[in-house]
Amino acid sequence: MSTIPVMIPWLGEEEARAAAEAVRSGWVAQGPRVAEFERAFAAAVGVPHAVAVSSCTTALHLALVGAGLGPGDEVVVPSLSFIATANAVTYVGATPVFADVDPATGNLTPETVAPLLTGRTRAVIAVDQGGVPVDLDAIEELARPRGIAVIEDAACAAGSVRRGRPAGADADLAAFSFHPRKLLTTGEGGMVTCQDGELAARLRRLREHGMSVSAADRHAGTGGAAVLETYDEIGFNHRMTDVQAAIGLVQLGKLPAMVARRRELAAGYRELLGAELAGRLVAEPTYGTSNFQSLWLLLPDEAPDRGQVLAAMAAEGVSARRGIMAAHLEAPYKGAARAPLPVTELLTSRTLILPLFHSLTAEQQERVVAALKGAL
Ligand SMILES: *Cc1c(COP(=O)(O)O)cnc(C)c1O
C-alpha cells in the first residue's frame, strides 16, 4: 500500500525542458527569463510591478525594507503563520506583535488587529493563510488613516481571489512563495509585487546588493557596459536564477488548472466527509475564493489527541500534517508582545491538513477520508 503524501508538486517534461534550455543558453543567473517571469506574473496578478526573489521570506524582507521598517517599529502579524512571517519583521530590527485570527478562516480581522495598534505600529502583515484571502480592504480601512502600511503575505495565495481580483492585486506590497509546498513552484523562489514604479526600482536594486545597474543589464550591454555601477545603500543577494524563472514561466501557465483541480478536490472532500465533518473544514470568506493551498480540518472536541489521529492515519498510509504553526509558541518568540491568542492556540493544536495535490485520485481521497474517520 503506497503512502499518500500531503503534497506533490505538479511538474512535468515541459518544466524539465525549460530548465534545460536555460542551462544550455549559458545564462543561468538572473537574466532575461527572470525579467520575462516578472512581466508574466505581474500580468497574472494584475499589478504593475513584480520583482522576483529567492523565496517568500526574502520577498517579505524586501517588502519591509521597502516600507521603511526598522528598529523601534511594531508590526502586527498573526502568530498562526509559517514562522517566516514573524522572522522577516525581526530581520529588519522591528518588533512583531502577535494578533489572533478568525476561527473559520485562520486570518487576521480588523477586530483582532485593532486592540494591538499603538503609536509605534508602522505596519500590519496580513497573511492569506493556507490560500484563504484575508479581508485586506477591511484591514487597510483600519490601518491607512493611522499611516500604518499593510503588506500582504500571499505566500500561499497565488490563484486565490478577493472581490473578483487575484490575491495581491490590490496590496501596496505583496509577497508570494514558489516553494513546492505552495501551488506554483520554482524549487525555491518568491516574488514581491507593488503598485509604485519607484519602489519597484528600489526593490530591484536592493535584491542585488544595492547596485545601481543590474548585472544582467551590464552583461547584456543594455545598462551601458562602460557605466560603472554604484552602491548607494546596503542591499542583499535575494536574486532568483534564470533556471528557476524558466520553470516558473511554465508553472504560471498551469496555475489556473492547478487552482481548478484543487477546488474540485476540496469539493470532493466535503462530499466524502459528510456535512458534520465538512463543517469543520477551513471556510472560504463571502468575498473571495481559496486556491486551497492547505485544506485544514478542526478536529471534533471529542476526538483523540491530534498526534494519535495523525499516527492512526499514517498507519493506514495517509500522510496528513499538523495544522498551521503558531510562532508565539516557538523559542524565539516566547514572551513576545501579543494579544491573548485563544483561537490561534486552538487551531494550531487541533487542526490537521489533508493531502491535496493535482494528481490525487478519487480512490485516494476515499482512502484519506476512511483513515480519518477510522482514527476519529
Ligand atoms: C511558506 C510561507 C512563507 C515562506 O515562504 P518561502 O518561499 O519558503 O520563504 C511565508 N509566509 C507564509 C504564510 C508561508 O506559508
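This passage describes two helices, the nonpolar cores, several buried residues and the cysteines of a predicted model.

Helix α2 covers residues 32–45. At 1.5 Å a residue, its 14 residues should span 20 Å. The end C-alpha atoms of α2 are 20 Å apart, which agrees with that expectation. The buried residues of α2 are R33, V34, F37, E38, F41, A42 and V45. Seen down the helix axis, these buried residues fall within an arc of 165 degrees, so they line one face of α2. On the other side of α2, R39 and A43 are exposed. G46 follows the helix. The phi of G46 is positive, near 85 degrees.

One buried residue of α2, F41, also belongs to the largest nonpolar core. That core holds 82 residues. Those that touch the most other members are F41, L273, M313 and L354. Helix α9 gives the core its largest share, eleven residues. A second core is separate and has 37 residues, including V53, L69, V77 and V127. In soluble globular proteins, nonpolar side chains tend to be buried together. Beyond its neighbours within four places in sequence, F41 is in contact with A50, F176, F178, L184, M191, T193 and L252.

Helix α12 covers residues 362–375. Its 14 residues should span 20 Å at 1.5 Å a residue. Its end C-alpha atoms are 20 Å apart, in agreement with the expected span. In α12, the buried residues are Q364, Q365, V368, V369, A371, L372 and A375. Down the axis of α12, they fall within an arc of 160 degrees, so they line one face of the helix. A362 and G374 are exposed on the other side of α12. Several elements cover the buried residues of this helix. Among them are α9 (242–278) and α10 (306–315), together with strands β11 (296–298) and β13 (351–353).

Between β11 and α10 runs a loop that contains L299. L299 is buried, with a relative accessible area of 1%; a residue counts as buried under 20%. Leaving out residues up to four places away in sequence, L299 touches R280, P304, R306, V309, R350, L352 and L376. L299 and L346 are 47 residues apart in sequence. In space, the C-alpha atoms of L299 and L346 are 9.9 Å apart.

Strand β2 spans residues 74–78 and includes E74. E74 is buried, with a relative accessible area of 13%. The side chain of E74 makes a polar contact with the side chain of T118, at 2.9 Å. With residues up to four places away in sequence left out, E74 touches T95, V97, T118, R120, T121, R122 and A123.

T121 lies in strand β4. T121 is buried too, with a relative accessible area of 5%. Its side chain reaches the backbone nitrogen of T118 at 2.8 Å. T118 is thus approached by two side chains, that of E74 and that of T121. Neighbours within four places aside, T121 is in contact with E74, V76, L116 and I148.

Strand β4 covers residues 121–127 and also holds V124. V124 is buried, at a relative accessible area of 1%. Residues up to four places away in sequence aside, V124 touches V75, V76, L108, V113, I139, I148, A149, V150 and I151. V76 and I148 thus appear among the contacts of T121 and among those of V124. V124 and I8 are 116 residues apart in sequence, and their C-alpha atoms are 32 Å apart in space.

How many disulfides does a search of the whole structure find? The search finds zero. C56 is in no disulfide. The cysteine sulfur nearest to that of C56 belongs to C156, 8.0 Å away. A disulfide requires two cysteine sulfur atoms within 2.5 Å. C194 is in no disulfide either. For C194, the nearest cysteine sulfur is that of C56, 15 Å away. Are C56 and C194 buried or exposed? C56 is buried, with a relative accessible area of 7%. C194 also counts as buried, at 0% relative accessibility.

Key: Residues are numbered from 1 along each chain as its sequence is written. This is a predicted model: local features need pLDDT of at least 70, side-chain atom pairs count only at pLDDT 80 or more; totals for chains, interfaces and linings use all residues. Side-chain values use heavy atoms; hydrogens and water are left out. Helices (H or I, at least four residues) and strands (E, at least two) are DSSP runs, numbered from the N terminus. The expected span of a helix is 1.5 Å times one less than its number of residues. Buried means under 20% relative accessible area, exposed over 50%, partly exposed in between (1.4 Å probe, protein chains only). The arc is that of the directions from the helix axis to the C-beta atoms. Contact means heavy atoms within 4.5 Å. A polar contact is a pair of N or O atoms within 3.5 Å; within protein, one must be able to donate a hydrogen and the other to accept it, and residues adjacent in sequence count only if both atoms are side-chain atoms. A nonpolar core is a set of buried Ala, Val, Leu, Ile, Met, Phe, Trp, Tyr and Cys residues joined through side-chain atoms within 4.5 Å.
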